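Hi,

Here is the structure I promised you. Have a look at it first, then read my notes underneath.

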Amino acid sequence: MFMDTYSHPDRVQQRLALLALGAATIAASLFIDMALFDRTFLSEADPDWQVSGAIRTVLSLIGGMAIVFAVIPDSLPEPRLFRNAGVAGWGLGIIALISYSVHIWTAYALAQAPEALRGAVAELGPIALLQEAAIAAALVFLLVAVATGDALRDLKILGVPGRLLAVGMALAVLVLLLEETSYGQHYFGWGTPAQFEGNTQQETNLHNFYTIRFEMIYYGVAFAAFILAPLLLQVLPGQLRGKLDHFIPPADFTLLAMPLVAGMYASWNIMPQQMMFFAGIMIFAILLLRWRLARSPAMLGLVIIIAAQVLYLILGSNQSSGYEVAEIRENSICFALLGYSVWFWHRNRRL
């Protein structure tokens, strides 16, 4: 039986205190880096194995653990995401398989064929095309849900019509697709307008004016939406939970989305990203234990994420351009988005 943790005020206070501790570890890491090591917060470089890196890692572990125990529900419904009959269940399974498999191939390529990895993530390379195709497919599923989702018809969340919220999500995904394709420049090959001089990619997009800052926001939002939110949904009051479960997937969606916590080399030094990795693998391990899946194929997913990240740190210096591993992480986010869109369409297609 599900226990509504919000009926216990002390538990709410505990969750808030743990979230505050997670935020405090980030603030502490920022202060220590700036005061003791003269290092800016969002600074990419080869992984730091010095004293400064050790301090950052310890703070990441503490912060990650605080986040985990702040969001893990006291009780969990049984996993059901991949038990959907028909297209949705098979589709979600295939999406998860592709997302994990890309990490396996990337670790192999870093060791054996770095140039092949560079070509795969370059514009119009197979990984880049796969990523853009996932975003485009996600947009299609969201638009179909907007047009045909009966369950959205009379739904309102905080007074906002559910269909309008779905339209907002579709527009956000459209902007993401346009940014990823540089508004079609990758395919049509026009020259970059003068207004975009100074763009890191020298292309027609906005996010590469502030690449590291954009990535921090992008990765953070993906982590919150696809990993933390499905868990936090379980601790909300029943009426609100009943409405939000049209937009927030079940807890086991985190297993599909979890590859997005891996994929760091130069960004390993950015403490909140380290914290996402540690929190992610702890959440994964706890879910496997709670659901008694430690001896199931799901356990392989946890092994892949940990092993791949370790190999990225060891072999990341083999990268030809320095951004290949980060592109793989973005690929994982795009497949989590696609999985979410398939789930959203299936969840809301009928009353």
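When I describe how two helices lie, angles under 35 degrees count as roughly parallel, over 145 as roughly antiparallel, 65 to 115 as roughly perpendicular and the rest as oblique. The axes are lines fitted to C-alpha atoms, for helices over the stretch in contact, and angles run from 0 to 180 degrees between N-to-C directions. Helices (H or I, at least four residues) and strands (E, at least two) are DSSP runs, numbered from the N terminus.

Before you dig in: this is a predicted model, so local features need pLDDT of at least 70 and side-chain atom pairs count only at pLDDT 80 or more, while totals for chains, interfaces and linings use all residues. Residues are numbered from 1 along each chain as its sequence is written, and side-chain values use heavy atoms, with hydrogens and water left out.

**Helix pairs**

Start with helix 2 (residues 51-71) and helix 11, which pack at about 45° with axes 8 Å apart. That angle is why the two helices, 2 and 11, count as oblique to each other. Their crossing is right-handed (the near helix is turned clockwise from the far one by less than a right angle; anticlockwise would be left-handed). Among the residues in contact (heavy atoms within 4.5 Å) are L59, L61 and V68 of helix 2 and M275, F278 and I283 of helix 11. By class, this contact has 13 nonpolar, five polar and one charged residues. Here Ala, Val, Leu, Ile, Met, Phe, Trp, Tyr, Cys and Pro count as nonpolar, Asp, Glu, Lys and Arg as charged, and the others, Gly among them, as polar.

Helix 11 (residues 271-290) also packs against helix 12 (residues 298-315), at about 160° and with axes 10 Å apart. So helix 11 is roughly antiparallel to helix 12. This crossing of helix 11 and helix 12 is left-handed. F277, I281, F284, A285 and L288 of helix 11 take part, and on helix 12 the residues include M299, L302 and I305. The contact of helix 11 with helix 12 has ten nonpolar, two polar and no charged residues.

Then there are helix 4 (residues 114-121) and helix 5, whose axes come within 4 Å and cross at roughly 35°. G119, A120 and V121 of helix 4 meet P126, I127 and A128 of helix 5.

**Some single residues**

L152 sits in the loop between helix 5 (126-148) and strand 1. Is L152 buried or exposed? L152 is buried, at 1% relative accessible area (buried means under 20%, exposed over 50%, partly exposed in between, with a 1.4 Å probe and protein chains only). Leaving out residues up to four places away in sequence, L152 touches several others, including F247 and F344.

R349 comes in the segment after helix 13 (324-348) and is partly exposed, at 28%. Its C-alpha atom is 5.5 Å from that of D150, although R349 and D150 are 199 residues apart along the chain. The side chain of R349 also makes a polar contact with the side chain of H346 (3.4 Å). A polar contact is a pair of N or O atoms within 3.5 Å; within protein, one must be able to donate a hydrogen and the other to accept it, and residues adjacent in sequence count only if both atoms are side-chain atoms.

Finally, L158 has a positive phi of about 55° although it is not a glycine. L158 is exposed, with a relative accessible area of 82%.

Cheers
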